[in-house]
Amino acid sequence: MEAERCIVRNGRIYTLDLEGGRSVYGEPLIEIDHAVYREWIPWRSKMAALLKKEGNAPLPEGDLLYLGAAQGTTVSHLSDLLPDDTIYAVEFSRTPFRKLTALSKRRGNIIPILADAFHPETYRMIVPDVEYLYQDVSQKDQVGMLLRNADIFLRKGGTACLMLKARSVDVTSDPARIFGKVRAELERGGMKVKRMIDLSPFQVDHAAFIVTGTR
Ligand SMILES: C[S@@+](CC[C@H](N)C(=O)[O-])C[C@H]1O[C@@H](n2cnc3c(N)ncnc32)[C@H](O)[C@@H]1O
């Protein structure tokens with residue numbers, strides 16, 4: 001029987017290590033029935049925070065476009081979950097990109113792309129239509145970036161997850177107000193907001209927006 005790819009033990013989330021026992025960012029490893037799992041830490045990864053807040057949140061499926069990959073902390077767990085799919089991981093800063101590239105050399109399902117996610121036309125030739133779009137950048141126009149990428153890459157019926165950092169949008173406003181504005185902006189942009197989840201206390205002033213495209 002194949003091992004489960006994502007499990008919860010004693011309130012902690014783990015993914016089945018695609019590398020068979022190698023910590024990526026210092027996360028603890030555990031062994032269950034001869035399979036090695038890596039702890040998915042909610043203070044380090046917003047996707048893990050989302051799963052802690054909403055245990056029944058659906059996990060991504062299919063090819064995935066990831067905007068703001070950094071050195072690949074969250075990407076590595078998605079890579080554990082999606083061994084037969086491809087993660088197109090976009091990052092524009094060279095320092096984390098070097099670690100992301102090293103990670104991709106050990107894991108065949110990650111394609112690292114050094115690019116500015118505000119300009120999706122620059123990686124249009126590399127990335128196909130995807131089932132899932134994940135965005136985690138600390139930038140002002142996070143909705144604009146998501147809409148531009150969804151328009152080009154998100155398959156009809158696909159899901160997008162926007163990890164919004166309120167303080168990057170506006171440092172002075174109340175985060176709850178910003179979350180409301182962002183919801184309205186996404187809807188004006190033609191997206192359907194299915195869920196909005198506040199990620200505190202794991203990620204303070206952050207919310208996850210789970211949306212579907214309408215194209
Ligand atoms: C909060 S960190 C991402 C952490 C990562 N998602 C994780 O959970 O492992 C945000 C990243 O977005 C990147 N970023 C910001 N603006 C970007 C842009 N326009 N295009 C691509 N990457 C961008 C930053 O360089 C940074 O590495």
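Two aromatic rings, from Phe, Tyr or Trp, count as a pair if their centres lie within 6.5 Å. Keep that in mind as you look at this predicted model, which holds four aromatic pairs. Here are two of them.

| Pair | Kind | Centre to centre | Angle between planes |
|---|---|---|---|
| Tyr 123 and Phe 153 | stacked | 5.6 Å | 15 degrees |
| Phe 179 and Phe 209 | edge-to-face | 6.4 Å | 70 degrees |

Where do Tyr 123 and Phe 153 sit along the chain? Tyr 123 belongs to the loop between E7 and E8, while Phe 153 is part of helix H4 (residues 142-153), so the pair links distant parts of the chain, 30 residues apart. Both residues, Tyr 123 and Phe 153, are buried.

The other pair joins helix H6 (residues 175-188), home of Phe 179, to strand E11, home of Phe 209, so it ties together parts that are 30 residues apart in sequence. Phe 179 has 5% relative accessibility and therefore counts as buried. Phe 209 is at 0% and counts as buried too.

Now follow strand E11 into its sheet. The sheet is open, with seven strands in the order E7-E6-E5-E8-E9-E11-E10 and mixed pairing. Strands E7 (110-114) and E10 (192-198) each have a single partner strand, so one side of each is left without a neighbour in the sheet. On average, neighbouring strands are turned by 15 degrees against each other, direction ignored.

E11 (residues 206-212) pairs with E9 (residues 154-165) in the antiparallel sense, over seven bridges. In E11, His 206 is the bridge partner of Lys 165.

Helices lie across this sheet as well. Helix H1 (residues 46-53) lies across E8, E9, E10 and E11, at about 95 degrees to E9. Helix H3 (residues 94-106) lies across E6 and E7, running at about 160 degrees to E7.

How values were computed:
Residues numbered from 1 in each chain as written. Predicted model: local features only at pLDDT ≥ 70, side-chain atom pairs only at ≥ 80, totals over all residues. Heavy atoms only, no water. Pairing = 2+ DSSP bridges. Helix = DSSP H or I, 4+ residues; strand = E, 2+ residues; numbered from the N terminus. Axes fitted to C-alpha atoms, helices over the stretch in contact; angles between N-to-C directions. Contact = heavy atoms within 4.5 Å. Phe/Tyr/Trp six-rings, centres within 6.5 Å; stacked < 30°, edge-to-face > 60°. Buried < 20%, exposed > 50% of the residue type's maximum accessible area, 1.4 Å probe, protein only.
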